[in-house]
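Below are some notes on the structure you sent round. They take the charged side-chain pairs before the strands.

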Amino acid sequence: MTSEQETESTAGKPEGGEFALQDILLRLGQLNYSWTNTESLLIHLIAGLAPVNMQVATVIFLTLNTTRARLDLVERLAKLGATPKPVASEILSITRELSKYSALRNRYNHCIYSFDKDGTSISSIQMRISDRKEDIRFGRSQLMNAQELFMIDTSISEIQNLNRQIWALITKHHFPG
């Protein structure tokens, strides 16, 4: 049996409160699906705030290739004088929440995973460099334990809730849908 086969055969077996790779991958897939589905709703906000048709809003959304740029655009459009203050407040509240979950999503999308010699203890390792005054830091490791998975599950639920809030806002303010 190769080490890859050994990892595959033991990765599915939770041990000592730790979780199997399949449990983690399932949650990360749900996190990414929920995020992408919700982020795409920014197209409707762009269309309603700009105001432009859905085709133009989609081109704008796709041209801005980062979540941060898309959120910045929606926030700036909401802050323009043409947007009523109560509508702007609703939108800014939602974009603040989305920003919070964007960080978590980025954390898990920009990491690799390591295993102990038995393939049962799984950690994420951040693929990010932090520049400091005197040095750099990289490779921060986090054990994928029950607390981490609970945080991912909670985030998925919150992102799904934000999705419903955005749809309600789109409907309430008659944004293109």
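1. Seven salt bridges are present in the structure. Note that this is a predicted model, and the distances quoted below are computed from its atoms. Three of the pairs are taken up in the next points.

2. Arg68 and Asp72 form a salt bridge through their side chains, with 2.8 Å from N to O. Both residues belong to helix α5 (residues 67-79) and sit four residues apart, about one turn of the helix. Neither is buried, because the cut-off for that is under 20% relative accessible area: Arg68 is partly exposed at 38%, and Asp72 is partly exposed at 21%.

3. Which other residue does Arg68 form a salt bridge with? The partner is Glu75, and the closest N and O atoms of this pair are 3.5 Å apart. Glu75 has a relative accessible area of 14% and is therefore buried, whereas Arg68 is partly exposed.

4. Arg107 and Glu148 make a further salt bridge, in which the closest N and O atoms are 2.6 Å apart. This pair links distant parts of the chain: Arg107 lies in helix α6 (residues 85-109) and Glu148 in helix α7 (residues 146-172), with their positions 41 residues apart. Are these two residues buried or exposed? Both Arg107 and Glu148 are buried.

5. To return to helix α5, the salt bridges there should be read together. Arg68, Asp72 and Glu75 are joined into one network by salt bridges that share partners. Arg68 bonds to Asp72 and also to Glu75.

6. On the strands, β2 (residues 122-126) is a useful place to start. How many of its five residues are buried? Four are, and the strand is mostly covered. In a regular strand, side chains alternate between the two faces of the sheet.

7. Strand β2 pairs with strand β1 (residues 111-115) in the antiparallel sense, over five bridges. One point of contact to check in the viewer is Phe115, whose bridge partner in β2 is Ile122.

8. Strand β2 is also joined to strand β5 (residues 141-143), by three bridges, and these two strands run antiparallel. Here Ser123 has Leu143 in β5 as its bridge partner. Strand β2 thus has pairings with β1 and with β5.

Methods. Residues are numbered from 1 along each chain as its sequence is written. This is a predicted model: local features need pLDDT of at least 70, side-chain atom pairs count only at pLDDT 80 or more; totals for chains, interfaces and linings use all residues. Side-chain values use heavy atoms; hydrogens and water are left out. Buried means under 20% relative accessible area, exposed over 50%, partly exposed in between (1.4 Å probe, protein chains only). Two strands pair if DSSP finds at least two bridges between them. A salt bridge is a side-chain nitrogen of Lys or Arg within 4 Å of a carboxyl oxygen of Asp or Glu.
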